[in-house]
Each structure stands twice: as C-alpha cells, then as structure tokens.
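Here is a quick walk through one model, for someone meeting it for the first time. Take a look at the picture, then read on.

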Amino acid sequence: MNESDYIPIAALNQYSYCSHRCWRMFCAGEFTDNQYTIEGTSLHERVHTVGEGQREDTWQIRAIWLKSEKYKLIGKSDLIESENGEFYPIEYKRGRKGEWDNDELQVCAQALCLEEMTGKSISNGYIYYAHSHQRQLVEISEQLRQSAIATIEAVQTLLFTGAMPKAIKTKRCDGCSLYSHCLPQAVEKVGRYQEGS
C-alpha cells in the first residue's frame, strides 16, 4: 500500500473486531467462509440490487459507492436513505446486535464519506439486523467520529507496514472463519512451553 491507496470501509470493521483478522484479510489476502460469512454474503447479495426508489417520504438508493479523499476511504454502501434533506447510511448485518462497536464504526465511516460527497452533516445512521428485522440507531457522535478516525489511521499503518499483529484468543475467535489460520491458543501454548523450558 502507498499513501495514495484507498482503504476499504469494511477493513475498519474487521480491524476493530480483530486486528490480526484484518491483517490476514487485507495484507495476506486470506479468507475462508463459514456459515456466518456465507449468510452475510447471501444477505448482501440480496441487498446490493443496484437501484433507487421512494418509500413514502423516504428516498432510497442501494449499492452506491462511497468515497472520501480526506480519509482515503472507499466502499459500497448497503443502503442510503434521504428524508427532508437528511442522509442516513444503513448497514445490513446477518445476526443480531453484538457486544462490540465494529459495526458502528463502519456506519460512521460511511457517514464520513457521505458528508464529504454531499457537503451535508450526517448525525445518524442505522444498522439493520436481519435476525431480528430491527434497525438500531447509530448516533454519529464526536466520540464515535474520533474512534473511527483513530481506526482509519491504525488500518492505514497496518496496510502500509504490513506488520502482522499478534493473534490473541478472545470470545470473538469462536465464530471467526479464519480461526484455523491463526490458532491463537496454539500461540499461547507455545509461549508457555518456551517459558517453562
């Protein structure tokens, strides 16, 4: 990666979830499907039917590319809605609300792109969880913006240096499709073995 390259918006979500997973996907080019990724891909294929339309007073456009020159971000949105001159990014996810903020960071990154593209301030976005058929409001607060900007900078550094972050075993590993690639428990066991010898 060089300074003129764009960061995929999805990389922020992956980095926030697990920096080692992000490295494997975006630096090493590794990816393996499991039931969760297949369900997510299927959902996005249905959502990403390119088009626009009107739903009551809300204008909707699907599968539009978003870009930010300022933050060097690029990615395809699931859905953008506009109502009364306000724009809202909506990210679709297969499951239900998790314990982590990686999905909110992805929505915030989309909002940063939309602000640059439209010249309008974005105050809210949404995450639509297919499992519950519910939208969760994401307030694009100053704190979330700063967290997103810090994550953008961390991902830029990761992609520029290519330095592999250490694999650390957490609860997040349980559903990860790349678990067999990094084997974080094995790394811990080898470390303990070397310390004991």
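Which residue in S5 is the bridge partner of Ile 7? The partner is Leu 73. Before going further, keep in mind that this is a predicted model.

**Strand S5 and its partners**

Strand S5 covers residues 73-76. On one side sits strand S1 (residues 7-8), running parallel to S5 and joined to S5 by two bridges. Strand S4 (residues 65-68) also pairs with S5, but here the two run antiparallel, with four bridges between them. One example is Leu 66, whose bridge partner in S5 is Gly 75.

S5 has two faces, and they don't look alike: Leu 73 and Gly 75 make up the covered one, while Ile 74 and Lys 76 make up the uncovered one. In a regular strand, side chains alternate between the two faces of the sheet.

S4 and S5 also form a hairpin, with four residues between them. In that turn, Lys 72 has a positive phi of about 55°.

**Salt bridges**

Side chains of opposite charge can pair when their charged atoms come close. Searching the whole structure turns up seven salt bridges. Here are some of them:

| Pair | Closest N to O distance |
|---|---|
| Lys 67 and Glu 69 | 3.3 Å |
| Lys 72 and Glu 69 | 3.5 Å |
| Lys 93 and Asp 103 | 3.9 Å |

Glu 69 shows up in a pair with Lys 67 and in another with Lys 72, and together Lys 67, Glu 69 and Lys 72 are linked in a network. How covered are the residues here? Lys 67 is partly exposed, at 35% relative accessibility, and Glu 69 is partly exposed too, with a relative accessible area of 40%.

The side chains of Lys 93 and Asp 103 meet in a salt bridge as well. Lys 93 belongs to strand S7 (residues 86-93) and Asp 103 to helix H4, so this pair ties together parts that are 10 residues apart in sequence. Lys 93 is buried, with a relative accessible area of 16%, and Asp 103 is buried at 11%.

**Helix H4**

H4 runs over residues 102-118. Is this helix mostly covered or uncovered? It is mostly covered, since 14 of its 17 residues are buried. Its length works out nicely: at 1.5 Å a residue, the 17 residues of H4 should span 24 Å, and the end C-alpha atoms are indeed 24 Å apart. Just after H4 comes Gly 119, which takes a positive phi of about 75°.

Gln 110 is a good residue to zoom in on within H4. Why does Gln 110 count as buried? Its relative accessible area is 2%, and buried means under 20%. Setting aside residues up to four places away in sequence, Gln 110 touches Ile 9, Leu 66, Ser 77, Pro 89, Ile 90 and Glu 91. You met Leu 66 earlier, as the bridge partner of Gly 75.

**Another glutamine, in S9**

Now jump to Gln 136, which lies in strand S9 (residues 134-139). Is Gln 136 buried or exposed? With 18% relative accessibility, Gln 136 counts as buried. Its side chain makes a polar contact of 3.0 Å with the side chain of Glu 104. Apart from neighbours within four places in sequence, Gln 136 is in contact with Lys 97, Glu 104, Gly 125, Tyr 126, Ile 127 and Tyr 129.

Key. Residues numbered from 1 in each chain as written. Predicted model: local features only at pLDDT ≥ 70, side-chain atom pairs only at ≥ 80, totals over all residues. Heavy atoms only, no water. Buried < 20%, exposed > 50% of the residue type's maximum accessible area, 1.4 Å probe, protein only. Pairing = 2+ DSSP bridges. Contact = heavy atoms within 4.5 Å. Polar contact = N/O pair within 3.5 Å; in protein donor to acceptor, adjacent residues only side chain to side chain. Expected span 1.5 Å × (residues − 1). Salt bridge = Lys/Arg side-chain N within 4 Å of Asp/Glu carboxyl O.
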